[in-house]
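The following exercises concern strand pairing, helix packing, aromatic pairs and side-chain burial. Please work through each task before reading its solution.

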Amino acid sequence: MSLRFYDTATAQVRDFVPLVEGKASLYYCGATVQGLPHVGHIRSAIAFDQLTRWLRYRGMQVTVVRNVTDIDDKILAKAADSVGAEPAPGVVPDEPWWALAYRFEQEFAKAYDTLGVQRPTYEPRATGHIPEMHALIAALIERGHAYPALDASGDVYFDVRSWQKYGSLTRQNIDDMQAAPDAGPRGKRDPRDFALWKGHKEGEPETASWDSPWGRGRPGWHLECSAMVTKYLGTEFDIHGGGLDLRFPHHENEMAQSQAAGHGFANFWMHNGMVTFEGEKMSKSIGNTISPTEMLEQASPRVVRYYLGQAHYRSVLDYRPTSLQEAASAVERIDGFIAKAAAKAAAEIDTGTAAVPDAFAAAMDDDLNVPQALAVLHETVRAGNTALAAGDNETVQRALGQVRAMTSVLGLDDAKDAASQAGPADAALDALVQDRLAERNAARAAKDWARADAIRDSLAAAGITVEDGADGVTWSVA
């Protein structure tokens, strides 16, 4: 089967044929760094990380761009709120806007790294691309699709009625749309016209504005992405991604301004679904939210990654109080087989050469069907455990290689579980447990069953599971 992905613009699953054979170009929207990451940010990053890994597994050279929006109304508002504020969790008194943005950018990077999201090829900041934004605005004005505000405010707006295709991404009629929320109706030809450039306003930091042909100011949110993606991927590229909530107005506006400037822009638009809390939209006001930090306090990064990446990327992912427990059980089954099979295998399996099963590949080729791919993974684990019980070493080794190849493609191997990173503490624990197991073996050899059972029980009380098998004794952290 060829690679097929759902394209939001055409509302169809289409064959994916990259613009350049053997190469794929992907841009997906990063964060506006005004606060700590929420689960929606992380789910989106994991979804497009899975896409990137699969394209690379299929032999493509993938260039990934994920932007950082480090200048925005919300960032300036948060910085203004810090003036004279008391120190509090997440609050730094009198913090400049650029320092606040950088601090939260680092929090996003830490969350991505912890959950195994690979670093993009390029991660540009909006503030580093002001000249490219000026050039795009000038081109739109020249083509008759943008105009300086009529009230001498220094704003520049995109003229939505000048572009007949406006609304095509989300299949909306322009007359049914609400006014653009990024600026008031003052100085606009139409309330739906959106800001490409925002004139500097009294009370805003001077450092949050740049000189321009239209007066001192800063870029509009939608303009930033169009300027950055074309710099790094060109005027036409393969895939533009982001959360479902970004389709309108953000992606609609991006597509309109870029195509109006004469750019082919994205060949595919891919959007991941939202995360809900027991069937309802998450809302701080009613308290039905959970953050990535809270998830990581309840479960390991490997388990959190499994949970956030287990649903089809286009579907809603619903969180329930038992969700992480269920994900933990699934990961334990996988890891339990890997540990037993690795101990049994005559030689280390090289996952760099082991191939995923055909059924797994077919699922991933079919619009990145991760739920079906996970079903293949767990079926392979079950078959491997059956082979272990039967002493079928050849089947065990083959299943081990396939399982490791699948977990690698899904990014589970890169989630930074402390338990998976061997260090001095791990070596010390292994030495202590092995010493206790030697005592237990001696007790069993002397037929001192009470002593042997007491040692096993003491290890179990400490969270150590001991298993006796035909090839000896193994242990694991429960």
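Two strands pair if DSSP finds at least two bridges between them. Helices (H or I, at least four residues) and strands (E, at least two) are DSSP runs, numbered from the N terminus. The model is a predicted one, in which local features need pLDDT of at least 70 and side-chain atom pairs count only at pLDDT 80 or more, while totals for chains, interfaces and linings use all residues. Residues are numbered from 1 along each chain as its sequence is written, and side-chain values use heavy atoms, with hydrogens and water left out.

**Exercise 1.** Determine how strand 9 is joined to strand 10, and describe the sheet and the helices that pack on it.

Solution.
Step 1. Strand 9 (residues 236-243) and strand 10 run parallel and are joined by 7 bridges. Within this pairing, Gly241 has Met270 of strand 10 as its bridge partner.
Step 2. The open sheet has 4 strands in the order 4-3-9-10, and their pairing is parallel. Strand 4 (61-66) and strand 10 (265-272) are the edge strands, each pairing on one side only. From one strand to the next, the twist averages 25 degrees; axes are lines fitted to C-alpha atoms, for helices over the stretch in contact, and angles run from 0 to 180 degrees between N-to-C directions.
Step 3. Contact means heavy atoms within 4.5 Å. Helix 5 (residues 221-233) packs on the sheet and touches strand 3, strand 4, strand 9 and strand 10, its direction making about 160 degrees with that of strand 3. Helix 6 (residues 247-260) also packs on the sheet, touching strand 9 and strand 10, and its direction makes about 175 degrees with that of strand 10.

**Exercise 2.** Do strand 1 and strand 2 run parallel or antiparallel, and what do they form?

Solution.
Step 1. Strand 1 (residues 4-7) and strand 2 (residues 12-15) run antiparallel, with 4 bridges joining them. Phe5 stands opposite Arg14 in strand 2.
Step 2. The two strands form a hairpin with 4 residues between them, and Ala11 in the turn has a positive phi of about 55 degrees.
Step 3. Phe5 is also linked by ring pairs into a cluster with Phe16 and Phe268.

**Exercise 3.** How many aromatic pairs does a search of the whole structure find, and which parts do two of the stacked pairs tie together?

Solution.
Step 1. Rings of Phe, Tyr and Trp (its six-membered ring) pair if their centres lie within 6.5 Å; planes under 30 degrees apart count as stacked, over 60 as edge-to-face and the rest as tilted. The search finds 14 aromatic pairs.
Step 2. Tyr28 and Phe48 are stacked, because their ring centres are 5.2 Å apart and their planes are at 20 degrees. Since Tyr28 lies in strand 3 (residues 23-28) and Phe48 in helix 1 (residues 39-57), the pair ties together parts 20 residues apart in sequence.
Step 3. Buried means under 20% relative accessible area, exposed over 50%, partly exposed in between (1.4 Å probe, protein chains only). Tyr28 counts as buried at 4% relative accessibility, and Phe48 counts as buried at 1%.
Step 4. Phe158 and Phe194 are stacked, because their ring centres are 5.1 Å apart and their planes are at 20 degrees. Phe158 lies in strand 6 (residues 156-158) and Phe194 in strand 7 (residues 194-199), so this pair ties together parts 36 residues apart in sequence. Both Phe158 and Phe194 are buried.

**Exercise 4.** Is Thr407 buried or exposed, and which residues does Thr407 touch?

Solution.
Step 1. Thr407 has its place in helix 12 (residues 393-409). At 0% relative accessibility, Thr407 counts as buried.
Step 2. Not counting residues up to four places away in sequence, Thr407 touches Arg302, Ile334, Leu377, Leu412 and Asp413.
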